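Welcome, and please open the model in your viewer. We will walk from one selection to the next, with a short stop at each.

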Amino acid sequence: MAASQFLSSGSADSDPATQKGGAGDAWFFCLRILGGRYGFEAPLVTEVVRLGPLTRLPAAPSFLPGVFTHRGEVLPVLDIGQLVGQSALPIRPSTRAAIVHCGPWKVAVVSESVEGLVAVPRRAIEPPPAESTGVAEFLSAVARDRNGSIAILDLPRLVEAARNRAVPAGSAGA
Amino acid sequence: MSDPQNEILMFQVGPRVFAAEVYDVVRIGTVRDVAAENLILDSILGVPFGRERGLVVGGQGDAAERTLVIDQVIGIRGVGADDLHALPPFAAAVMPSGAVTGFVMIDEVPTLLVDLPTLIRERQPAAAAAHAS
């Protein structure tokens with residue numbers, strides 16, 4: 001189910017812990033990656049799927065472990081761990097990924113597990129740490145809820161960085 | 001299921017199967033009599049197990065024909081437009097090679113579609129350098 005649909009449905013059957021959102025709350029879609037909690041702006045995430053068999057692309061950068069078919073559509077898989085220079089996430093048939101629309105791109109962000117939608121009071125959202133290395137480079141904020149902190153990823157920046165690292169300057173339009 | 005509209009050549013390099021447009025291939029033949037500088041033994045598709053067969057691909061303009069060494073031709077299949085998928089935009093944007101252009105769905109499995117002229121063109125500087133040395 002699309003996160004935006006999930007938001008608008010207000011389903012009473014859903015986990016109350018993730019559904020108590022007030023007017024002053026921000027919504028994030030939370031995944032576990034690299035042992036930590038990472039959140040994305042909820043409207044960017046449209047679906048969560050189990051990865052099927054991956055088709056690997058020859059000479060692809062390590063953060064693009066392959067593509068898979070989902071409802072007849074071929075989707076690229078993005079491994080954020082590899083992109084930020086940390087270890088690769090293990091990919092198995094049971095691995096779940098969040099399908100994220102980001103500008104013109106649609107990617108499946110692979111995760112260790114999916115937590116789902118989380119409402120965070122806006123007062124509990126702080127600026128990211130000043131570090132400019134690793135995953136901190138791609139954070140737009142750090143949020144805190146009853147389960148701990150959530151690193152909020154700036155997906156447009158993450159995807160743009162993936163493109164810039166893979167394509168040498170001046171050849172992007174080639 | 002759509003009517004077959006595109007003829008696709010299926011071939012194998014090492015353990016993997018690839019697809020290419022039939023009209024990109026001038027002929028299929030043995031590599032025995034092909035000059036070394038016109039052979040492409042290793043590419044982004046991998047290294048073939050053997051050195052027996054090749055796909056001859058025409059060069060652009062005055063460029064000579066080049067032969068991509070493969071392990072075997074699996075066959076030619078007619079596929080409908082619905083079975084052809086372009087590389088997803090994100091994958092296309094981050095791939096260092098333009099030779100993989102998309103996928104052909106064969107029995108619901110995506111098989112990489114290779115643009116052979118682009119593969120040959122991208123491989124030329126390395127091959128020329130190797131020959132010069």
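Two strands count as paired if DSSP finds at least two bridges between them. Helices (H or I, at least four residues) and strands (E, at least two) are DSSP runs numbered from the N terminus.

What you have on screen is a predicted model, in which local features need pLDDT of at least 70, side-chain atom pairs count only at pLDDT 80 or more, and totals for chains, interfaces and linings use all residues. Residues are numbered from 1 along each chain as its sequence is written, while chains are lettered from A and ligands numbered from 1 in the order in which they are written.

**Stop 1: colour chain A by confidence**

Start with pLDDT, the predictor's confidence in each residue, from 0 to 100. Chain A has a mean pLDDT of 79, with 81% of its residues at 70 or more. Among its elements, strand 3 of chain A has the highest mean, 94, and helix 1 (residues 3-9) of chain A the lowest, 34.

Now select residues 1-19 of chain A: pLDDT stays under 50 there, and the model has 19 contacts for this stretch beyond four places in sequence. (Two residues are in contact if their C-beta atoms, placed from the backbone, lie within 7 Å.) Residues 169-174 of chain A are also below 50, with 1 contact in the model beyond near neighbours in sequence. Where pLDDT is low, the predicted coordinates should not be read in detail.

**Stop 2: the sheet of chain A**

Chain A holds 4 helices and 11 strands. Select strands 3, 6, 7, 5 and 4 of chain A: in that order they form an open sheet of 5 strands with mixed pairing. At the edges, pairing on one side only, are strand 3 (45-50) and strand 4 of chain A. On average, neighbouring strands in this sheet are turned by 35° against each other, direction ignored. (Axes are lines fitted to C-alpha atoms, for helices over the stretch in contact, and angles run from 0 to 180 degrees between N-to-C directions.)

Next, add helix 4 of chain A, which packs on the sheet and touches strand 5, strand 6 (96-102) and strand 7 of chain A. The direction of helix 4 makes about 90° with that of strand 6 of chain A.

**Stop 3: a hairpin and its neighbour**

Zoom to strands 4 and 5 of chain A, which run antiparallel and are joined by 5 bridges. Here Thr69(A) stands opposite Val74(A), and Phe68(A) has Leu75(A) as its bridge partner. Which residue of this hairpin takes a positive phi? With 2 residues between the strands, Arg71(A) does so, near 50°.

On to strand 7 of chain A, which pairs with strand 5 of chain A in the parallel sense over 2 bridges. Look there for Leu78(A) opposite Val109(A).

**Stop 4: the nonpolar core**

Keep Leu78(A) selected and show what it touches: Phe63(A), Leu64(A), Val107(A), Ala108(A), Val109(A), Val110(A) and Ala162(A), not counting residues up to four places away in sequence.

A nonpolar core is a set of buried Ala, Val, Leu, Ile, Met, Phe, Trp, Tyr and Cys residues joined through C-beta atoms within 7 Å. A residue is buried if 20 or more other C-beta atoms lie within 10 Å of its own, exposed if 12 or fewer, and partly exposed in between, with C-beta atoms placed from the backbone. The largest core has 78 residues, of which Phe28(A), Leu78(A), Val109(A) and Val114(B) touch the most other members. In soluble globular proteins, nonpolar side chains tend to be buried together.

**Stop 5: where the chains meet**

Show both chains: 21 residues of chain A are in contact with 16 residues of chain B. On the chain A side, the elements giving two or more residues are strand 4 (66-70), strand 5 (73-78), strand 7 (105-111) and helix 4 (155-166) of chain A. Helix 4 of chain A gives the most, with 4 residues. This side of chain A divides into 17 nonpolar, 2 polar and 2 charged residues. (Ala, Val, Leu, Ile, Met, Phe, Trp, Tyr, Cys and Pro count as nonpolar, Asp, Glu, Lys and Arg as charged, and the others, Gly among them, as polar.)

**Stop 6: chain B**

Finally, select chain B, with its 2 helices and 10 strands. Buried residues make up 32% of its 133 residues.

Strand 1 (residues 6-13) and strand 2 (residues 16-21) of chain B run antiparallel, joined by 6 bridges. Val13(B) stands opposite Arg16(B), and in this hairpin Gly14(B) takes a positive phi near 60°. Strand 2 of chain B also pairs in the parallel sense with strand 10 (residues 109-114) of chain B, over 3 bridges. End the tour at Ala19(B), which stands opposite Leu113(B) in strand 10 of chain B.
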